[in-house]
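Work through these exercises with the model open. Each task comes with a solution in steps.

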Amino acid sequence: MGLSAYAQSYTLSGTLTTADTQETLLGVTIYAEGTSLGTVSNNYGVYSLTLPAGTYQIIYQNIGFETKRTQINLDQNRKLDVSLAIQSEELEEVVVTEDIERIRMRSPEMSINRLSAKTIKQTPVVFGESDVLKTIQLLPGVTSAGEGASGFNVRGGGADQNLILLDEATIFNSSHLFGFFSVFNSDAIKDIQLYKGGIPAAYGGRVSSVLRIDQKEGAKDRLRFNGGIGAVSSRGLLEGPLGKGSFLVAGRGTYAHLFLKAFDQPNTAYFYDLNTKITLPIDEKNRLLLSGYFGRDVVAFDNTFKNTYGNTVVNLRWNRIFSPKVFGNLSLIYSDYYYGLALDFVGFDWDSGIQNFNVKYDLSYNVSEKMTLETGVQGTYYSFNPGYIQPLTATSGFNSEQLQNKFAAEASIYLSAKHDISPKLALHYGLRINQFNRLAQSGLLEYVNAQPLTYNTALGIYQQGTTLGFYSKAESKQYYTNLEPRFTLAYRQERNAWKASYQRVNQYLHLISNTTSPTPLDVWTPSGRYLKPQQSDQWALGYVTERENGNSIETEIFYKHTDNRYDYIDGAELVANEAIEQILLPGTARAYGLELLFRKTQGKVTGMAGYSWSRAEQRTPGARADEPGINQGAWYRSAYDKTHDLSLSLSYSHNKKWKWDANAVLQTGQPITYPLGQYEFMGTRVPSFGQRNGQRLPTYHRIDIAATLTPEKQQDKKIKGSWVFGIYNIYNRRNAATISFKQDPETGKNQAYKLSIFGIIPSVTYNIRF
């Protein structure tokens, strides 16, 4: 083993798969023992490692799999496909060697968390369903807007500022039943990557984070099934070979609404979703992947209100290995988010949504043992339907009306490099260039002095600006061009590493909401003449140490500055608003904080503990000096500010039969605006509110536990089953989802009312696989 004295270099390449199902493996570390040279397999399981000519002991290592060692005489380019066996439960976890530790430590990546499907399934959550979003919320810097809230928040950003990708297709709403479940079926998931900062140049369009979720491709060895039956929901997944390729079909659904019908309850709430994927190899260098997702939620109350919403995505990809050093991928993606509302007591249906068509091509080139280049182009077409109103009956008093549709197109190109400057210093740098075009439309209002919103000093309120009529279609167009530099540095010292990153990201889509948690009725709208794109700059500095016993500590500090973060004026009406610019003011947001993460990956007790201290604030002044803006133009807490966030996740393998998992969460309460007084108007007491987000909900905390029972008699059977017993919120903490104030009819005074979504929730699920 050693380096050749000759300068000639050759490339070892191939594909990584699991030994049983032949599923491709991403994120596997491959390195030459005794050197600092290594790489990881890409998102399609393909790897390429360039080394000087010589004989090497090549190590393939991935958490949860047995390590594989292969001796290679690299005197020419060689192709070597490798299968890794799943680690036996009887074996202790393989100790991380100094060499692989060096590779990971030197990697010029930071603010990224990777989670496997196994990790997600170990996390006890509500109703017995393992959940992607609940799991990532245990990481420092990631929170939610509260109990039962949809979406998630990263480093003080809004839920709309997260780019969520399922097999590269954009997901606009990541939650079922307003946050009770996520839209991601953990049985169908292979890998999760969350970028909180240091976002590579390959991604753009959202200023807070990127959540990339890759689905399994399906077993290639034989037909397999796994699923689970619970008290509230059930799920099932079927996978197997399809010619030389494979297929996967997975579905979930809830049925609590059936019990409500049995007791003559008029209310209903349920969801269902379907995941599909087909992988078809054409030859050794080409393969096609077709994946899709369809989900729907239905919520209805007393036959007077019905809300239906959900995502639909389809993605066709073509992988091609051009040479041992060059890999390419072409993606054709369709994504649709529909949301509708039927109000029988009012007498109309309201349907709206957003669609996009996306074409992208990515190329990676392993230049040498010290440099890898990545480049790509992307084009996206957007169609926005703000709403179509249709009367339910001829006597409803409503007329059919289509709010003005909006259209936009976005084009991007990027180039990035991973560069080992020296044995201790590694860089990842790149540049993304994008252009966003707001396409022509009719019905765009023109205002005096281009001010859609003016301030009436006499009344002390904001009012609609004076209109001059409508812009012509040609005049309604608007375009923006921006450069987005990205930079990450890693400097290694023995078993420790210092890392730093900078990123600039622009976001051209806005989610207009007057709630802390996104709802299906919130309005997506593109940037244009009146709404400027959000632009965010983030700096981060980190320190990581990783020991041979598998323990690691990660520390990061960050600062994020965002321009053109819009907030709504008091009394804003969002639904069916043709001129959304009349209720919004542009502001500046900032967030900064400290994050700590400790991981233990070996032994019978494994887990992680995370803590973050952070602040998230916004300042929204008026357009002129005599305008107060929001909060008199001073800084105020954003709706996602949580000063302290502490989480603990533990897993204890008692024996082959019993396994225990637990979570503990402690967070500062969500910001909220309380009334500070009241006044009487026409015989009614009206609350007088203080500064926006000037108060907080009570501190949020809970503990969850779960126990998994796998009967020993089933160990040698083809059909295996297990029981999962869980308790969410074990001590029945009544965490406040919100606090509202209403007038007491007896005393006439305004009283506070706390709404709690969950108390203690026990659950039982039976899982089966064969």
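**Exercise 1.** Classify tryptophan 539 by its relative accessible area: buried, partly exposed or exposed?

*Solution.* This is a predicted model. Tryptophan 539 has a relative accessible area of 44%. Buried means under 20%, and exposed means over 50%. Tryptophan 539 is therefore partly exposed.

**Exercise 2.** Describe how the rings of tyrosine 592 and tryptophan 613 pair, and place both residues in the chain.

*Solution.* Begin with the geometry. An aromatic pair is described by the distance of the centres and the angle of the planes. For tyrosine 592 and tryptophan 613, the ring centres are 6.2 Å apart and the planes stand at 50°. Planes under 30 degrees apart count as stacked, over 60 as edge-to-face, and the rest as tilted. So this pair, tyrosine 592 with tryptophan 613, is tilted.

Next, the location. Tyrosine 592 sits in strand β40 (residues 584-600), and tryptophan 613 in strand β41 (residues 605-619). The pair therefore ties together parts 21 residues apart in sequence.

Last, the accessibility. Tyrosine 592 has a relative accessible area of 25%, so tyrosine 592 is partly exposed. Tryptophan 613, at 32%, also counts as partly exposed.

**Exercise 3.** Which residues form one aromatic cluster? Analyse the pair of tyrosine 502 and tryptophan 539.

*Solution.* The cluster consists of Tyr502, Trp539, Tyr559, Tyr592 and Trp613. The count of aromatic pairs comes to 25. In one of them, the ring centres of tyrosine 502 and tryptophan 539 lie 5.4 Å apart, with planes at 40°, so the pair is tilted. This pair links distant parts of the chain, 37 residues apart. Tyrosine 502 belongs to strand β35 (residues 496-507), tryptophan 539 to strand β38 (residues 534-546). Tyrosine 502 is at 21% relative accessibility, so tyrosine 502 counts as partly exposed.

**Exercise 4.** Which rings have arginine 155 and arginine 529 over their faces?

*Solution.* Arginine 155 lies over the face of phenylalanine 558, 4.5 Å from the ring centre. Arginine 529 lies over tyrosine 471, at 4.3 Å from the ring centre.

**Exercise 5.** Which strand gives the most to the nonpolar patch on the surface?

*Solution.* List the members: Leu242, Ile278, Leu280, Ile282, Leu288, Leu290, Val314, Leu316, Trp318, Leu332 and Val359. Together they have about 850 Å² of accessible area. Now assign strands. β21 (268-281), β22 (286-301) and β23 (305-323) each supply at least two residues. β23 gives the most, with three residues. Tryptophan 318 lies in strand β23. At 31% relative accessibility, tryptophan 318 counts as partly exposed.

Key:
Residues are numbered from 1 along each chain as its sequence is written. This is a predicted model: local features need pLDDT of at least 70, side-chain atom pairs count only at pLDDT 80 or more; totals for chains, interfaces and linings use all residues. Side-chain values use heavy atoms; hydrogens and water are left out. Patches are made of residues with over 30% relative accessible area and no salt bridge: like charges are joined within 9 Å, nonpolar side chains (Val, Leu, Ile, Met, Phe, Trp, Tyr) within 5 Å. Accessible areas come from the Shrake-Rupley method with a 1.4 Å probe; for residues, only the protein chains shown count as cover. A salt bridge is a side-chain nitrogen of Lys or Arg within 4 Å of a carboxyl oxygen of Asp or Glu. Helices (H or I, at least four residues) and strands (E, at least two) are DSSP runs, numbered from the N terminus. Buried means under 20% relative accessible area, exposed over 50%, partly exposed in between (1.4 Å probe, protein chains only). Rings of Phe, Tyr and Trp (its six-membered ring) pair if their centres lie within 6.5 Å; planes under 30 degrees apart count as stacked, over 60 as edge-to-face and the rest as tilted. A charge sits over a ring if NZ of Lys or CZ of Arg is within 6 Å of the ring centre and within 35 degrees of the ring normal.
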